[in-house]
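Dear colleague,

I am passing the structure on to you with this message, and I would be glad if you could look through it alongside my notes.

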Amino acid sequence: MTKTNIDSIDIGEEMVAGFAGKGLKQLTPATQRKHGVGPFSRIVLRGAIVIDGTGAPPWGPADIVIENDQISGIVPVGVPGLGIDEHRRPAAGVLDIPCEGKYVTPGFIDSHAHIGTPFHAENGTMMPADYIYELWLAHGITSVREAGCMNGLRWTLQQNEAAREGRIDAPTLYPYVYFPAVNDYLKTIYQPEQGRDWIQAVKEKGAAGIKFFGAPPAIMEAALDESQQVGLRTCCHHAQLTAGRMNALTTARWGLTSTEHLYGIPEALLSDRTLMIVDDDYNYNDEYMRFAGTGQSFLQAAKPGSHLWEEVLDAFLDVGHTFVPTMNPYDANRDVMRARRADWHDRFTDQTTWNYFQPQRGGHGAYFYRWSVKNEIEWKESFRIWMQFINDYKNKGGRICAGSDAGFMFQIYGFGLVRELELLQEAGFSPAEVLRSVTADAAALLGIEHETGILEVGKRADILIHNENPLADFKLLYGTGALRLDEATNAPTRAHSLETTIKAGIVYDVADLLADVELMAAGSWSRQG
Ligand SMILES: [Zn+2]
């Protein structure tokens, strides 16, 4: 990286330059449509039970009309027990999809995801972007907030244009570009005015928002102010190197839209000290210490229900802050064997990603080289406090959104978001609240509530068809399904609820996507031996 001439780096491409300095390349972008049919001038979903994402309970049966990429009608067509009233049905479409006995929900919005991370290239050939997109679509993800654009803003915008035009099989992308002002990564911004200019430049280029990893406070404050002036949303991973000067509440008050992960929250809850205490041999660049230390941060903070706890929650609420906890990658910290042996790895995890997950020095998040019982117990306790924080915030009226951050710590694309839904339920959310966090609330976070997020006439046709109610058990959404017993044979079987993902009017057969992903993953193992 020392050889990189930072003056020559294009704005929005700093991440790419940083990786290139280490000899790491971008992913191979998707270039063609291989799956799905449509969009059509008219599709009708027939006789579905509707769960619209607003928090309303299920209702139906209804026929849903899709014209091109939009929902143009949601028509009640009968009463349970009395059958369908044929007179009320809308006219046939080019494609009619029978949905009697099935449930429809809005497509999911992953509020924190990466189209791969060039970090993985340290361990072999990276899977193409198609692998990630298809896993997303196969798990119902129709929109993605790309939190950092590690393949560069230009690359991400090009992929998004292709996705929007239906030229590739991918969710709609909302690129949040990395703000280069931290010491431990590529840094090109040293003054507040440079930060303001940079924000204006990426706005011009088409970024949907900014991803911060912290910054010197004066630069951060200026950049957040500028972002609001130009109408860009913001999110921040409050890296520990900056959280001592500027915790999540500081930046929330400066106008930050959302806090990612847990960093910066315990720092806002300190009452008997002003800085986190770390072990004497702590070194942030030792990933074991970094993550072991994070497992102790909530343990040093004000107790749930205490005066300060309530005060801090209210302060976040006052400024309308959102949290995107992305608990699922940290799930490995409380039981690494569980994460490492997850059902899906055998069939769906490619060899390079798998190798990257294994304990190694230098890899981000590959720190399980001396993970102990003590580490797991501290993280279990931290999760209890973190989950209570999230649940209390939701109960006070605050917004929490589901994000996956897959590609790290044994979490795979698509599967990670479903695990996040499970963890939100574990935190105390009802299943309907969980669904809202991955649909309507996520749309509001991204400022796209006029486009998608709920099932309503005029919204984009981002719709999932499930063969049973997914709210009854989110495990049904995994590509590998949920374990059940076939009573007829008295043998184990797998139930899988998601049959069809409709993205902007394009109809995808989930089984077809999963079969392709499985082939790609298998190919990675035979290719590399
Ligand atoms: Zn991330």
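Below is what was found, beginning with the metal site and moving on to the aromatic rings and one strand residue.

Please keep in mind that this is a predicted model. The zinc ion is coordinated by His 112 (NE2), His 114 (NE2) and Asp 405 (OD), at 2.1 to 2.2 Å, and in sequence these donor residues follow the spacing H-x1-H-x290-D. Distant parts of the chain are linked here, since His 114 sits in the loop between β8 and α2 while Asp 405 sits in the loop between β15 and α16, 291 residues apart. His 114 counts as buried at 3% relative accessibility, and Asp 405 counts as buried at 7%.

The count of aromatic pairs comes to 32. In one of them, Trp 136 and Tyr 413, the ring centres are 6.4 Å apart and the planes stand at 80°, so the pair is edge-to-face. Because Trp 136 lies in helix α2 and Tyr 413 in the loop between β15 and α16, the pair ties together parts that are 277 residues apart in sequence. Trp 136 is buried, with 0% relative accessibility, and Tyr 413 is buried as well, with a relative accessible area of 3%.

Charges over rings also appear: Arg 145 lies over the face of Tyr 176, at 5.0 Å from the ring centre, and Arg 334 lies over the face of Phe 383, at 4.4 Å from the ring centre.

Finally, Ile 74 lies in strand β3 and is partly exposed, with a relative accessible area of 22%. Ile 74 and Ile 64 are ten residues apart in sequence and 4.5 Å apart in space, C-alpha to C-alpha.

With best regards

Key:
Residues are numbered from 1 along each chain as its sequence is written. This is a predicted model: local features need pLDDT of at least 70, side-chain atom pairs count only at pLDDT 80 or more; totals for chains, interfaces and linings use all residues. Side-chain values use heavy atoms; hydrogens and water are left out. Helices (H or I, at least four residues) and strands (E, at least two) are DSSP runs, numbered from the N terminus. Buried means under 20% relative accessible area, exposed over 50%, partly exposed in between (1.4 Å probe, protein chains only). Donors are N, O and S atoms within 2.8 Å of the metal (3.2 Å for Na, K and Ca); water is not among the atoms, so sites may look incomplete. Rings of Phe, Tyr and Trp (its six-membered ring) pair if their centres lie within 6.5 Å; planes under 30 degrees apart count as stacked, over 60 as edge-to-face and the rest as tilted. A charge sits over a ring if NZ of Lys or CZ of Arg is within 6 Å of the ring centre and within 35 degrees of the ring normal.
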